[in-house]
Amino acid sequence: MRTSIATVSLSGSLTEKLTAASRAGFDGVEIFENDLLASPLTPGEIRARCADLGLTVDLYQPMRDIEAVPEDEFARNLRRARHKFELMGRLGADTVLVCSSVSPLAVDDDALAAEQLSRLADLAQDCGVRVAYEALAWGRHVSTYDHAWRVVETAGHPALGTCLDSFHILSRSSAPEDLKGIEDIPGEKIFFLQLADAPLLAMDVLQWSRHYRCFPGQGGFDVAGLVRRVLRTGYEGPLSLEIFNDVFRQAEAGPTAVDARRSLLLLQETVGVATPPAPVVPTGIAFAELVTPDAEPLSALLGALGFARTARHRSKPVDLWQQGGARVLVNTGTTVRRDDTHLAAIGLESPDPRAAARRAEALLAPVLPRRRASEDAPLDAVAAPDGTELFFCATNRPGLPDWRADFEDAEHPPAATDVSRVDHLALTQPWHHFDEAALFHRSVLGLRAQESVDVADPYGLLRSRAVTTPDGGVRIALSVGPAPTDDPVHAQHLALATDDVVAAARRFTEAGGRLLPIPANYYDDLAARYEFADGELETYRELGILYDRDAYGVFRHCYTRTVGRVFFELVQRDGGYRGYGAQNAPVRLAAQHTARRLTGG
């Protein structure tokens with residue numbers, strides 16, 4: 001199907017928005033009136049610019065407070081409409097959006113509304129324009145899609161149809177019985193379909209609409225279910241995005257447009273009108289690559305955790321550290337700030353690396369070129385929204401390129417130690433990429449997104465959302481702060497799975513490692529909430545081990561000090577615990593702020 005996006009969904013000037021929409025692969029745009037009014041280009045020049053970019057102008061919007069008003073007011077509305085219809089001719093737009101009235105002058109009279117909309121459609125038809133009438137969820141008298149359709153049906157004018165907007169419909173009700181009437185509308189009378197998702201919030205619907213819409217798949221609405229109903233009517237128009245979002249208005253237009261287009265590609269796949277390459281769900285973490293200007297602090301930390309330097313890349317300054325099934329690459333070849341040790345890449349074990357790369361490319365993930373020697377393994381890699389490189393790997397599998405073949409063994413083989421594998425990775429996202437990151441990992445990698453949680457930080461509120469495979473073989477916790485920040489406390493971290501976190505923590509400290517100190521008040525609270533075996537809580541207090549329970553099991557975990565923007569976590573899951581210790585996150589964050597302030601680490 002054709003895809004379109006409203007210019008109000010993107011930031012920047014109108015020309016910047018049009019360029020971003022075109023580069024992302026959209027077929028058309030809705031021109032928001034304020035964008036046109038603020039543009040130095042004439043309507044004719046905008047039309048030519050769209051044509052040069054391969055874009056059609058699918059809708060001009062909006063016209064407000066038109067119908068069911070006193071005759072003298074309606075005469076002024078027709079005068080305004082004639083001017084707009086003539087402008088649309090110069091712009092190259094043939095459909096105008098008319099929102100249900102919120103004017104205090106409007107009366108509750110469907111017959112009058114239909115009669116005046118019919119007269120408006122007469123004028124529009126003379127100018128080669130169609131009128132798409134939409135019910136605003138906060139409309140004064142018409143606020144539901146079925147009410148708007150009844151008015152359109154009563155008017156019975158060929159140039160008058162309805163516009164269905166998923167936000168206005170689903171913000172009022174998503175009950176199947178309330179949506180069934182969509183399928184009774186003839187497809188040719190649905191002149192336009194606007195799509196938006198939103199988080200499920202209890203707030204005024206106008207504020208909800210104006211500030212919190214998001215792209216399909218990023219919120220809590222069943223947008224796919226609504227689209228299926230619309231398609232069953234025979235609707236053949238575009239799928240168009242109309243998103244009012246404070247974050248999108250401040251973010252760069254190009255990446256936002258790509259995120260928008262990706263959401264529609266996933267939506268089309270979900271409703272069965274497009275068949276991109278199928279998702280190839282990763283099965284595990286092959287490696288995590290840390291980039292650092294100084295390997296010594298990181299090497300000391302890894303050594304204390306029980307890792308051994310087992311191999312070195314044959315042509316690059318990259319060391320492989322390994323413990324059990326956990327592998328960490330330490331790369332000193334990239335120029336970074338001295339305090340900027342960070343997680344730069346993740347190797348994902350994939351059942352079919354080439355198919356995973358084809359899926360990623362089809363879902364608009366940037367494919368990364370690689371500088372490699374002729375003998376290096378040909379690995380496919382794409383960039384996540386935060387810039388993290390994702391490699392699709394097949395470790396030690398015959399017949400497939402193996403990244404391990406690029407490394408020569410060192411003198412130190414891995415020993416049997418406490419850590420078995422990477423339990424999860426925690427990645428802090430740029431403040432304007434949080435929803436994009438969740439959709440990216442779900443659509444490109446086939447991971448399942450869990451519910452978002454809010455975490456209290458001493459200096460603000462953090463949001464976190466995990467994306468996982470069904471069996472927990474890959475777990476990635478995405479988090480974001482309330483505003484732009486380079487605070488290293490809000491950093492990436494690697495969580496390492498162990499069967500005995502107490503033994504692992506003791507060995508770490510005996511090897512010279514420093515665990516994050518946890519305030520005594522935390523353990524006093526634990527004593528009030530849970531019963532422990534004799535001496536158990538004292539051990540946790542001594543080592544800085546935190547404790548949590550859910551309906552499935554128990555979670556014990558502790559943290560190392562931070563090196564650059566990276567720290568490690570030792571975790572023990574018992575009995576099927578599914579979470580990440582979110583209840584303990586405020587204590588951990590406060591302790592990290594304190595440690596940074598006192599020691600700089």
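# Rings and barrel

Trainee: Why is Phe167 called buried?

Mentor: Phe167 has a relative accessible area of 0%. Buried means under 20%, so Phe167 qualifies. Keep in mind that this model is predicted.

Trainee: How many aromatic pairs does the structure hold?

Mentor: It holds 16.

Trainee: What makes Phe167 and Trp208 edge-to-face?

Mentor: Their ring centres are 5.4 Å apart, and their planes stand at 80 degrees. Centres within 6.5 Å make a pair, and planes over 60 degrees apart count as edge-to-face. Therefore this pair is edge-to-face.

Trainee: Where do the two residues sit in the chain?

Mentor: Phe167 belongs to helix 7 (residues 166-170), Trp208 to helix 9 (residues 205-212). They are 41 residues apart, and their pair links distant parts of the chain.

Trainee: Is Trp208 buried or exposed, and how do you know?

Mentor: Trp208 has 8% relative accessibility. The limit for buried is under 20%, so Trp208 counts as buried.

Trainee: Why are Phe215 and Phe248 called stacked?

Mentor: The centres of their rings lie 4.6 Å apart, with the planes at 15 degrees. Planes under 30 degrees apart count as stacked, so the label fits this pair.

Trainee: Which parts does that pair tie together?

Mentor: Phe215 is in the loop between helix 9 and helix 10 (223-231), while Phe248 is in helix 11 (residues 246-250). They are 33 residues apart in sequence. Phe215 is buried at 0% relative accessibility, and Phe248 is buried at 6%.

Trainee: Which residues form an aromatic cluster?

Mentor: Phe287, Phe391, Trp403 and Phe407 form one.

Trainee: How do you know how the barrel's strands are ordered and paired?

Mentor: Eight strands close in the order 1-2-3-4-5-6-7-8, with parallel pairing. From one strand to the next, the twist averages 30 degrees.

Trainee: What makes strand 4 and strand 5 a pair?

Mentor: Two strands need at least two bridges. Strand 4 (residues 95-99) and strand 5 (residues 130-134) have five, in the parallel sense. Across this pairing, Thr95 stands opposite Arg130 in strand 5.

Trainee: What lies across these strands?

Mentor: Helix 5 (residues 110-126) lies across strand 4, strand 5 and strand 6 (160-165). Helix 5 runs at about 150 degrees to strand 5. Helix 6 (residues 145-155) also packs on the sheet, touching strand 5 and strand 6.

Trainee: Which ring does Arg130 lie over?

Mentor: Arg130 lies over the face of Phe191, at 4.0 Å from the ring centre. The distance must be within 6 Å. Arg573 lies over the face of Tyr580, at 5.3 Å from the ring centre.

Methods. Residues numbered from 1 in each chain as written. Predicted model: local features only at pLDDT ≥ 70, side-chain atom pairs only at ≥ 80, totals over all residues. Heavy atoms only, no water. Phe/Tyr/Trp six-rings, centres within 6.5 Å; stacked < 30°, edge-to-face > 60°. Helix = DSSP H or I, 4+ residues; strand = E, 2+ residues; numbered from the N terminus. Buried < 20%, exposed > 50% of the residue type's maximum accessible area, 1.4 Å probe, protein only. Lys NZ or Arg CZ within 6 Å of the ring centre and 35° of its normal. Axes fitted to C-alpha atoms, helices over the stretch in contact; angles between N-to-C directions. Contact = heavy atoms within 4.5 Å.
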